[in-house]
Amino acid sequence: MSGLNPPTNPTPTLVPLGDSALLVRFGNSLTDAANGAAIGLARLLDSDPPAGALEIVPNLISVLVRFDPLQTSAQTIAGEVRLRLLGHESHRAETREWSIAVAFDGPDLSDVATAFGMTAEAFIAAHNRGSLRVLATGFAPGFVYCGLHPNELTLPRRPTVRPSVPPGSVLFAAGQTAITATEMPTGWHIIGHTDFANFDPTASPPTRLEPGDQVRFMVAP
Amino acid sequence: MSAVLAILRAGPLTTIQDEGRFGMLRHGISASGPMDRGAFEQAGRSGRGGIEMTRAGIEFRVASGQCQIGFAGGDFTITINGAPAQWLGMARLGAGDVVSITPGAWGNYGYLRFDTDLMAEAIMGSIATSSRARLGGVNGRPLQVGDVLELAEQGTATKSAAPAHTAEGPLRIVWGLHADLFEPLQRQKFLEASFDISSSMDRMGVRLNDSCCVFAGTNILSLASDAIVPGDVQILGDGTPIVLMRDHQPTGGYPRIATIITADLDRFAQLRPGTAIAFTPVTVEHAQDLLRSRR
């Protein structure tokens, strides 16, 4: 895993998203470097937001800067972002570590293990071997993407979508492990479930895991 | 002044809204808020929150107290104790008064606002109902018959944030995040073609009928999930265009060819199924100038 500092590479692309937001993208596909750069830039912007910025949002490979178009412009925000990318000191926010206990009892567990030519036990051991980064929160409240698994532990999504899976479902696809925090549809493989609840609408902030945190999955006792 | 309102009739997607639940995208929650922000403001700004109704309208009785209501958005028919009143407008209500609102000639969304704050539990700082996240309003759900709403003694004035309605004509877009993944010829056809508003619409998105088959057979695969903003024109795997609206998913992996500009999104939200629409591109600078010139 590389660090979370915005590196000189990958080079970001700055694209307006409508007339009230700018997206800073570090590539077109999900890589460890692109994700690390996005999280690093979001932290820089959080600590030193450009004037007129309303919201800074780290995504898998990008940072969304929502701004007030009456106060500033996409061009001005883009300039401010470039200045921060150029002038960044070794900005290293604290990395938090979490252990998340998972009951590996999902309906797709044996299919997933078989796809890798493994027993379920061997897959679980391989899955839990390294610690993963929280890549982003998105798609639904408190839904987190964790990764990236090595190439040999990468599998595409299922061809069909399950219309509803419960909160706490532990999902696996595309080199990532995800945790649902609300009931939602998914095309990912369900490998287990956890009691870890990442979303509480009455808490502030309403989610616990932040992009850049390290997560270690364990077999629930 | 304060009052208690009893809901006697409510369309299936009648919701409590305020300006929106901003700042929560990083937690996976889009802002919600009124589908037609300009009309929401037109209905009044002296009390926090209001009711967004759909074409099915609403009926309620003032169970106790008194209040002033303002109403705006689209065209609806309103009666107070059976006597017609003029839409857009305002009225003073007392205990026992019954207000009935039914659909009129155009528009999908109407708004009712009050002279004092609409009482609802603020979730993450907002009472706006998110139909996607099932948060806000009354237990995260639309209003239904039998609901009782309370108005506060005091009103919290809100400041103006929304653009007024724009003129007729094609909907103005800026090119979207993935515009470059579409062939130049397809982008050209997107601008030349006419699309119809389909009947599949809600607070999350509006599906368009692509009768000119601009996007039939489009096959853009495996995009990294990325940020969505309201107004994004997303093309599904089967070629269906969807305009993502206030309860949009915060991130998504389908390609987005364009974004309807803020100044035209309220007008778009009010277009009924069957309406033919076309798109025309403008620069981001022009879209921002339109917002500034409205102040």
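Four exercises on a predicted two-chain model follow, each with a worked solution.

Local features need pLDDT of at least 70 and side-chain atom pairs count only at pLDDT 80 or more, while totals for chains, interfaces and linings use all residues. Residues are numbered from 1 along each chain as its sequence is written, chains are lettered from A and ligands numbered from 1 in the order in which they are written, and side-chain values use heavy atoms, without hydrogens and water.

**Exercise 1. The interface of the two domains of chain A**

Task: State which bounds the domains of chain A have, then describe their interface.

Solution.
- Step 1, bounds. Domain 1 of chain A spans 13-87 and domain 2 spans 97-219. The bounds come from an automatic or database domain assignment.
- Step 2, separation. The domain centres, taken over C-alpha atoms, are 27 Å apart.
- Step 3, contacts. Domain 1 of chain A puts 10 residues in contact with 10 residues of domain 2. Contact means heavy atoms within 4.5 Å.
- Step 4, area. About 780 Å² is buried between these domains, with 59% from carbon and sulfur atoms. Buried area is the accessible area (1.4 Å probe) that two parts lose on being put together, summed over both.
- Step 5, polar terms. The rule finds 1 salt bridge across this interface. A salt bridge needs a side-chain nitrogen of Lys or Arg within 4 Å of a carboxyl oxygen of Asp or Glu. Asp32(A) and Arg133(A) form a salt bridge at 3.6 Å, N to O.
- Step 6, source element. Helix 1 (residues 32-47) of chain A gives 5 residues, the largest share of the side of domain 1 that touches domain 2. Helices (H or I, at least four residues) and strands (E, at least two) are DSSP runs, numbered from the N terminus.

**Exercise 2. Chain B against chain A**

Task: Find how many residues each chain brings to the contact, then break the interface down.

Solution.
- Step 1, residues. Chain B brings 33 residues and chain A brings 42.
- Step 2, area. The chains bury about 3100 Å² between them, 59% of it on carbon and sulfur atoms. Arg26(B), His27(B) and Leu177(B) supply 21% of the area that chain B buries against chain A, more than any other three residues.
- Step 3, charges. There are 2 salt bridges between the chains. Arg25(A) forms a salt bridge with Asp226(B), with the closest N and O atoms 3.0 Å apart.
- Step 4, elements. Strand 16 (226-227) and helix 4 (284-293) of chain B each supply at least two residues of the side that touches chain A. Helix 4 of chain B gives the most, with 6 residues.

**Exercise 3. The sheet of 5 strands**

Task: Explain why one side of strand 2 and of strand 8 of chain B is left without a neighbour in the sheet.

Solution.
- Step 1, order. This open sheet of chain B runs 2-3-10-5-8, with antiparallel pairing. Two strands pair if DSSP finds at least two bridges between them.
- Step 2, edges. Strand 2 (15-17) and strand 8 (89-93) of chain B each have a single partner strand, so one side of each has no neighbour in the sheet.
- Step 3, an inner pair. Strand 5 (residues 67-72) and strand 10 (residues 110-114) of chain B run antiparallel, joined by 4 bridges. Phe71(B) stands opposite Leu112(B) in strand 10.

**Exercise 4. The sheet of 8 strands**

Task: Name the edge strands of the open sheet of 8 strands in chain B.

Solution.
- Step 1, order. The order is 21-14-15-18-17-20-13-22 in chain B, with mixed pairing.
- Step 2, edges. Strand 21 (276-277) and strand 22 (279-281) of chain B each pair on one side only.
- Step 3, one pair. Strand 14 (residues 195-201) and strand 15 (residues 205-209) of chain B run antiparallel, with 3 bridges. Met201(B) stands opposite Val206(B) in strand 15.
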